[in-house]
Amino acid sequence: DGGRPSTSHTMATPTITPKQEDYLMATVKAARELWLSPHANMVEVERLYMAVVNDDDGGADNLMITEDVDDTSGNIHMHTNPVKKTISDESADIKISGSEKLALLLCQSGRSKEASSILSSLGYTCRLSSIVLDYQSSATAAATPCTSVPSATPRPCRMFDNFLTPQELKVLQDVFLDQKASYWVDHSYQVEPPSPYFSYLIPLKEIDQFGFIGHVVQKVYQQMLPFFPNLSKTTCIEMWAHNRPHASGHQFHFDSDNEGYGGVRNPIISTILYLTGGTGGPSLVTNQKLIHQQLASKGWVSHAKEKRLVAFDGRVLHGVVPGKGSSDASRRVTLMFAFWKKIKVRTEGSAARAFPTDDAAAWAEHLRRDKKLETSSSSSPMVAVDPMEIKPIYETLEGVPWTREMGFPEYDKVYQGF
């Protein structure tokens, strides 16, 4: 779920009062809701998380709880003043959640050194680097037109601005922009806690039967084929989407058939179409593959920008960095396609289902309509741009670049901000 260590530390069992446990839970919830709200007061968000970490409950039963770390065992011992007490597993989980969120806030505001002790106490040994978590804004990290000189080390991703025409963008926004649109309501979509992953399949040989969405898929296929020749082996395209607030991200992962159940099977390529811009953290595509026994050494950043397309090797690790600070009420809305050599249509579960061909789902009917798309003379041409390359991707908790010699840490010991 983003990597909370499950074995790196222990917390003793009861006794914290129900009143204090309720306070901790309510404070963590209030802090997160405030952070996800438009124009959030980040000073107040930090104060609330600090109250949870320090157990400043405003005087509830006058119980103050502190943490001491046993350097030899790594265990966290809970102490009270003046009488020693312990806390329940549920309270420990609440404190861990608050501590992880506070660490993210610190890392994203140039205070990663302050976060190191928090992350260490939680059992983390490695984290996403400061250049990743405290990323440059889209204004200062503007993409540049592609150079004609090929890179000595081919990058696994490509980026194109103005990939969609204004008319194509409008059709997609009509389906995916509104949080109350049928696509989201029909699937009970939510961000925190996340709803189950759901996706739909479109057979390439039947693409002409899928109207507008078939047109978009064909456009992606034809334009990306010169850059990813293996696309010629495509038989099916998987489609899914996300609609997230600014401060929400997506933990780093490998795209896989049926979410990896039964073994990881990667698509040929995956693509991201940005239907909104200026909100949320950047997408980060790395050079790390599942077969590698080392962490990524570099990555490529793409900020959300309307009509932008990012395409990348389906075998590489990637994710979305949580948006830092606060933003307005707009959302980070993206539409994804994965191109598969072979994938099974599933009738159970929510992943890789057959694309609806009846009129029961309003969103599907809207996407399948045949639409006469006219090319406007005022439309800007598609432009290939260079995504910004960054490194290091990972650091020690003290901010030292993680090297191969440091080993390959377990997934749940790597802090991603979740």
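Strand β7 of this predicted model sends its side chains in two directions: C236, E238, W240, H242 and R244 point one way, while I237, M239, A241 and N243 point the other way. Residues of both groups are buried. Nine of the nine residues of β7 are buried, so the strand is largely enclosed by the rest of the structure.

Part of the setting of β7 is given by its strand partners. β7 pairs with β6, a strand of residues 200-203, in the antiparallel sense over four bridges. Within this pairing, I202 has I237 of β7 as its bridge partner. β7 also pairs with β14, again in the antiparallel sense, and here nine bridges are found. In that pairing R244 stands opposite R332 of β14.

Helix α6 packs against some of these elements. This helix covers residues 166-176, and its buried residues are E168, L169, V171, L172, Q173, V175 and F176. In an α-helix there are 3.6 residues a turn, so residues three or four places apart point the same way. The buried residues of α6 pack against β7 (236-244), β9 and β14 (332-340), and also against the helices α7 (182-186), α8 (211-224) and α9 (362-368).

The loop between α8 and β7 holds L225. Is this residue buried, partly exposed or exposed? L225 has a relative accessible area of 28%; because buried means under 20% and exposed means over 50%, this value places it in between, as partly exposed. Beyond its neighbours within four places in sequence, L225 is in contact with L231 and S232.

The path now leads to D255, which lies in the loop between β8 (250-253) and β9 (269-274). D255 is buried yet has no salt bridge. Which side chain of opposite charge is nearest to D255, and how far away is it? It is R244, at 10 Å; since a salt bridge requires the charged atoms to be within 4 Å, this pair does not qualify. R244 is one of the buried residues of β7.

Polar contacts of D255 involve other side chains. One of 3.3 Å joins the side chains of D255 and H253, and another, of 2.6 Å, joins the side chains of D255 and S270. When residues up to four places away in sequence are not counted, D255 touches W240, R265, N266, P267, S270, F312, G314 and H318. Among these, W240 belongs to the group on β7 that also includes R244.

S270 itself is found in strand β9. S270 counts as buried because its relative accessibility is 2%, and the limit for buried is under 20%. Leaving aside neighbours within four places in sequence, the contacts of S270 are D255, V310, A311, F312, G314, F337 and A338. F312 and G314 are thus touched by S270 and by D255.

Strand β8, at one end of the loop that holds D255, belongs to an open sheet of five strands. The order of this sheet is β8-β13-β10-β11-β17, with antiparallel pairing. β8 and β17 (388-390) are the edge strands, each pairing on one side only. On average, neighbouring strands of the sheet are turned by 20 degrees against each other, direction ignored. Inside the sheet, β10 (residues 283-289) and β13 (residues 316-320) run antiparallel and are joined by four bridges. The bridge partner of L284 in β13 is G319.

Key
Residues numbered from 1 in each chain as written. Predicted model: local features only at pLDDT ≥ 70, side-chain atom pairs only at ≥ 80, totals over all residues. Heavy atoms only, no water. Buried < 20%, exposed > 50% of the residue type's maximum accessible area, 1.4 Å probe, protein only. Lys, Arg positive; Asp, Glu negative; His and termini not counted. Polar contact = N/O pair within 3.5 Å; in protein donor to acceptor, adjacent residues only side chain to side chain. Contact = heavy atoms within 4.5 Å. Pairing = 2+ DSSP bridges. Axes fitted to C-alpha atoms, helices over the stretch in contact; angles between N-to-C directions.
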